[in-house]
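Subject: Handover of a structure and notes on it

Dear colleague,

Please find below the structure that I am passing on to you. I would be grateful if you would keep it open while you read the notes that follow it.

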Amino acid sequence: MTQTLLTLAEVEALAREAHAAQTDKAGRPYAEHLQAVAEGVRERGGDDEQIAAAWLHDAVEDDVLSADWLREAALTRRTKDIVLALTKQEGEPPESYARRIRTTPGALLVKVSDLTHNADPARLAVLDEHTRARLTKKYATMRALLGLPPS
């Protein structure tokens, strides 16, 4: 029996519900970040599998959906692989994380969109100076590890 894949609208609704209680570092609903990443992927020419992964890119890492859920979800193998590539493992060196993203087809575009939104000056401006400086350095380091130009 073939499983019918979730539509993008269903993936979006699922991600919004899973992250409903979560806020970002500035206190904004976390779904705003997910939407910005998904829109960024779309604007950069990403396909539906990458857009679905953008909606779910933090779900396993943030423990709002389990790895078991992802394994059984009605998603393409490629979407699942992208989500898993973007899921940081506890204690994982940034170099290993970046290598996994670079070597997983479709993942780099999603990560570029994620980093772009995370490093948005308007988002960073509402954070305290220490947090802003720490995150700016973190995002620049990841861009370099991914072989991307500075933002």
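The notes below begin with the whole chain and then turn to single elements and residues.

Please bear in mind throughout that this is a predicted model.

**The chain as a whole**

The protein chain has 9 helices and 0 strands. Read from the N terminus, the order of elements is therefore α-α-α-α-α-α-α-α-α, where α stands for a helix as a DSSP run. The C-alpha atoms fill a box of roughly 55 × 30 × 30 Å along the principal axes. For 151 residues, a compact globule would be expected to have a radius of gyration near 15 Å, and the value for the protein chain, 15 Å, agrees with this.

Of the 151 residues, 41% count as buried. The accessible surface of the protein chain comes to about 8400 Å², and 53% of that surface belongs to carbon and sulfur atoms. Among contacts with a separation of 6 or more, 60% are between residues 24 or more positions apart. As for charge, the protein chain has 20 positive and 24 negative charges, and the mean positions of these two groups are 6 Å apart.

**The nonpolar core and helix 3**

The largest nonpolar core holds 38 residues, of which W55, L56, V110 and L146 touch the most other members. Several elements give two or more residues to this core, among them helix 1 (8-18), helix 2 (30-43), helix 5 (77-86) and helix 9 (129-145). The largest share, 6 residues, comes from helix 3.

How many of the 9 residues of helix 3 are buried? The number is 7, so helix 3 is largely enclosed by the rest of the structure. The buried residues are Q50, I51, A52, A53, A54, W55 and L56. Their cover includes helix 1, helix 2, helix 4 (67-72), helix 5 and helix 7.

L56 gives a detailed view of this region. Setting aside residues up to four places away in sequence, L56 touches V11, L14, A15, L65, W69, L75 and V83.

T79, which lies in helix 5, also meets helix 3 residues that are buried, including A52 and A53. Apart from neighbours within four places in sequence, T79 is in contact with E49, A52 and A53. T79 has a relative accessible area of 2%, and it is buried because this value is under 20%.

**Residues in the loops**

Three loop residues may be compared by their exposure.

- H19 is placed in the loop between helix 1 and helix 2. Is H19 buried or exposed? At 1% relative accessibility, H19 counts as buried. Beyond residues up to four places away in sequence, H19 touches Y30, L34, D58, A59, D62 and V64.
- R44 belongs to the loop between helix 2 and helix 3. R44 is partly exposed, as its relative accessible area is 35%. With neighbours within four places in sequence left aside, the contacts of R44 are L109, V112, S113 and T116. R44 and L109 are 65 residues apart in sequence, yet their C-alpha atoms are 7.6 Å apart in space.
- D63 is located in the loop between helix 3 and helix 4. With a relative accessible area of 69%, D63 is exposed, because this value is over 50%. D63 also has a positive phi of about 60 degrees, although it is not a glycine.

**A residue in helix 9**

Finally, R132 lies in helix 9. Its relative accessible area is 28%, so R132 counts as partly exposed. Outside the residues up to four places away in sequence, R132 touches L124, A125 and L127. R132 and A53 are 79 residues apart along the chain, and their C-alpha atoms are separated by 27 Å.

When you view the model, you may wish to begin with helix 3, which gives the largest share of the core, and then look at the loop residues H19, R44 and D63.

With kind regards,

A colleague

Definitions and conventions: Residues are numbered from 1 along each chain as its sequence is written. This is a predicted model: local features need pLDDT of at least 70, side-chain atom pairs count only at pLDDT 80 or more; totals for chains, interfaces and linings use all residues. Side-chain values use heavy atoms; hydrogens and water are left out. Helices (H or I, at least four residues) and strands (E, at least two) are DSSP runs, numbered from the N terminus. The radius of gyration is taken over C-alpha atoms; the globule rule is 2.2 Å times the number of residues to the power 0.38. Buried means under 20% relative accessible area, exposed over 50%, partly exposed in between (1.4 Å probe, protein chains only). Contact means heavy atoms within 4.5 Å. Accessible areas come from the Shrake-Rupley method with a 1.4 Å probe; for residues, only the protein chains shown count as cover. Lys and Arg count as positive and Asp and Glu as negative; His and the chain ends are not counted. The place of a charge is taken as NZ of Lys, CZ of Arg, CG of Asp or CD of Glu. A nonpolar core is a set of buried Ala, Val, Leu, Ile, Met, Phe, Trp, Tyr and Cys residues joined through side-chain atoms within 4.5 Å.
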